[in-house]
Amino acid sequence: KVIRLQDYQAPAYLIDETHLTFELFEDRTLVHAQLVMRRNPASEGAALPPLTLHGQELQLQALALDDRPLGGGDYQLSDESLTLQPTSAAFVIDSTVLIHPENNTALEGLYKSGKMFCTQCEAEGFRKITYYLDRPDVMSRFTTTVSAERQRYPVLLSNGNPIASGEEEDGRHWVTWEDPFRKPAYLFALVAGDLWALEDSFVTASGREVALRIYVEPENLDKCQHAMGSLKKAMRWDEEAYGREYDLDIFMIVAVNDFNMGAMENKGLNIFNSSAVLARAETATDAAHQRVEAIVAHEYFHNWSGNRVTCRDWFQLSLKEGFTVLRDSQFSADMNSPTVKRIEDVAYLRTHQFAEDAGPMAHSVRPESYMEISNFYTLTIYEKGAEVVRMIQTLLGAEGFRKGSDLYFERHDGQAVTCDDFVRAMEDANGVDLTQFKRWYSQAGTPRLQVSEDYDASARRYRLTFRQNCPATPQQAEKLPFVIPLALGLLDGRGRELPLRLEGEAQAVSGTRVLALTEAEQSFVFVDVDTRPLPSLLRGFSAPVKLEFPYSRDQLLFLMQHDSDGFNRWEAGQQLAVQVLQELIGQHRAGEALRLDPRLLDALRAVLADAALDPAMVAEVLSLPSEAYLTEISEVADVDAIHAAREFARKAIAEALYQPLWQRYSANRELSRQTAYVAEAAHFARRALQNIALSYLMLSERAEVLEATVEQFRSSDNMTERLNALAVLVNSPFEAERDAALADFAEQFRDDPLVMDQWFSVQAGNTRPGGLERVQALMRHPAFTLKNPNKVRALIGAFANQNLVNFHQGDGSGYRFLADQVITLNALNPQIAARLLAPLTRWRKYDERRQALLKAELERILASGELSSDVYEVVSKSLAA
Ligand code: ARG
Ligand code: ZN
């Protein structure tokens, strides 16, 4: 069944108050709901329409309308709904349903994770808890009473503030929570368990004291400090950067082990995947620490961008997600290095979102239709959505953007609104017209932007011509031109920034300026240009497009050294590496001997020698474009050639730059040995360089490197160094040391599931031959289970997405394996099954034989029996495209 944006209708009824009582038992849960309802004044007609409440997998025990019990003839039940006929414009519905959270493996609605009860209601999980108008434009005031056995569940939580509690005779107790803010059902949450809390407090700008609590299982209490610090930073930052204060007396985070996504912004009670909260030096890497900081902030920021102002319908999902991702990326940039953060975000977007945008599930930032909304929590909604809001900021400037966001929050506080409302606030606050810009919300696909230049020395004029076009995507053959903010600068022969003056302008502007491209083809002429300039284009990646400019390798080398824009210096290095790697790929395919362009070595040597450059930047430049990115930019990807070429280049770099790599490795390793672990940008940077240097050095297979790696593995005090040493050993030919390290690690961390996830991932990513067999063997390891999404991602997901040579093995065995797992998971956890499928949907990228093998597996899934809407939508769309 297809749901369409154009069919949106305002709800016929509203729910002013929602009073819930949960009775939690080991073998069942009873949910009593009292809904105080009235007709929606905005949808007045003559007669009272029937009322249809959503509900799935509920066993109805009792139903009453205005205290009058209803019998079977008074209502209709289907698999997905309950329909009855109200007799007055205002009424109260009481229902009791029985549900089975203890058997809920889909992790949607109320379920058990280990020994605790928890919920995940976004997008449409609340309908698995009780009969309700489960749509975000129905906002209600909630009170929630939770009753459970005191011994097993001493902590009972829900949204808002606790207002009453008590004991029952039989060892049970209860707590009542009241949330003063109206909210849609998707923001409802409940938690019950034996949890301990790290407590702290925060005083808001206007003086409200807020109690902060992070609830975890007792053994994890020592891993919450980093999340708490991040939360307090995020709360302060949102006051300063967006003028947004927290609004309740208490803010709670709960960590659960079984969770489909990263985390969830339920009002006052955020529920997190434990991987997105728990972090300490000994068990979590620097990357994990940064991810915790970013996700804690993201969920906190939703309190305004999502909760106070929410979405009218799920087509508007990017209204809250795109904006909130932008907000969390700005926060992370301010807390760490802005340039490094931008590099990471852009590399991620170009590798993964561009691939989604070119595949069969391509959709616009505001989609027009869907079968299963869970499938639309995508890179396009989140990451491209963030880029779209960032472009608005680039066009309006920081101040104009802040004026727009202030107006948006003020105008729509307490409302459920659309992306159009967001853009209108930006327009009204700045007196601009963003009509054409809004094509970014409605048109899918990644635009190509081709740029050509023409310099007239005698007239001192320099012309840049831009041509944009966007490939067809499913249901969208033709695209109209986008508004593309193009940040650029011009460099002279010594690398100095030229003043920029466009034809017709009175004065030159120095530094970066932003051109707004609006036409399919458009030229800009710069005047008074004394020498032939070298353009630095799309600075900071000012728009999510594929830029094409015929840079020579020498020009890229020049930009790497001289561009004033840090992001573009890195980008020049990437483009140079792409050119060199593509040349190697061509040589491999032609059966020729591989010859690496020495200019890449010179460039990397210079960067390694640059003591003034942020070590994190050095590490980023040293990281060659990934195999996944090289796949994305290929017309037809030759997996084996890409792998061979990239590995050849890595080895050549390791040999040629052995001395400087060793020098930077040992200097930083020495610092690590002398200083205690600190989770701060400067230290992340240092360790990033140390680690990438070590992974290059090991390619030399020299004894001194092996020795250093084993030493680092054994004696470092933090997971960043230890895991890197382990990964380096796993990918090395030194089998004895590798096996010893793996066994050692598993022994030491067998009781820490998040660390075991990393142990699985490192092995899943081992690109040596035999990858599939290793993964299959690991699935039989006692720490592995398909029921835990983190385990599925760590082992199967890492194999299919990061171990491309092994996954795409020519006989199709990797594909068959993945399809088998999808078929099993379809019955257990449809959301995870549908996500795991993604690599099979990319069949268009590969040679004909692999295409046939991939499609055969999609067909096999389709024929495997009763499919969830999640899996059905992805498979059927992939085969149709
Ligand atoms: N709103 C959450 C976030 O991005 C995502 C939760 C969505 N969960 C899901 N099962 N679809 O912060
Ligand atoms: Zn979010």
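**Ligand shell, strand 27 and overall fold**

Sorted by class, the residues that form the shell around ligand 1 comprise 5 nonpolar, 5 polar and 4 charged ones. The model described here is a predicted one. The 14 residues around ligand 1 include Glu122, Asn260, Met261, Ser374 and Tyr377, which come nearest to the ligand. Two secondary-structure elements can be singled out in this shell: strand 20, covering 263-264, and helix 2, covering 286-301, each contribute at least two residues.

A second region worth a closer look is strand 27, which spans residues 484-491. Is this strand buried or exposed? Here 8 of its 8 residues are buried, so strand 27 is largely enclosed by the rest of the structure. In a regular strand, side chains alternate between the two faces of the sheet. In strand 27, Ile484, Leu486, Leu488 and Leu490 point one way, while Pro485, Ala487, Gly489 and Leu491 point the other way. Residues pointing either way from strand 27 are all buried.

Which strands pair with strand 27? One partner is strand 28, made up of residues 513-517, and the pairing is antiparallel with 5 bridges. Within this pair, proline 485 sits opposite alanine 516 of strand 28. Another partner is strand 30, residues 534-536, which also pairs with strand 27 in the antiparallel sense, here over 3 bridges. On that side, leucine 490 has proline 535 of strand 30 as its bridge partner.

Further along the chain, an unreviewed UniProt entry places the feature "domain: Peptidase M1 alanyl aminopeptidase C-terminal" at residues 554-880. In the model, the span 554-880 is 75% helix and 0% strand. The C-alpha atoms at the two ends of residues 554-880 lie 45 Å apart.

Turning to the whole molecule, the protein chain holds 27 helices and 31 strands. Its radius of gyration is 28 Å, close to the 29 Å given by the globule rule for 881 residues, so the protein chain is as compact as a globular protein of that length. Taken along the principal axes, the C-alpha atoms fill a box of roughly 90 × 70 × 60 Å. Of the 881 residues in the protein chain, 49% are buried. How are contacts spread along the sequence? Among contacts between residues at least 6 apart in sequence, 70% join residues at least 24 apart.

Key. Residues numbered from 1 in each chain as written. Chains lettered and ligands numbered in written order. Predicted model: local features only at pLDDT ≥ 70, side-chain atom pairs only at ≥ 80, totals over all residues. Near = placed C-beta within 6 Å. Helix = DSSP H or I, 4+ residues; strand = E, 2+ residues; numbered from the N terminus. Nonpolar A, V, L, I, M, F, W, Y, C, P; charged D, E, K, R; others polar. Buried ≥ 20, exposed ≤ 12 C-beta atoms within 10 Å, placed from the backbone. Pairing = 2+ DSSP bridges. UniProt positions renumbered as here; feature names shortened; annotations may be inferred. Rg over C-alpha atoms; globule rule 2.2 N^0.38 Å. Contact = placed C-beta atoms within 7 Å.
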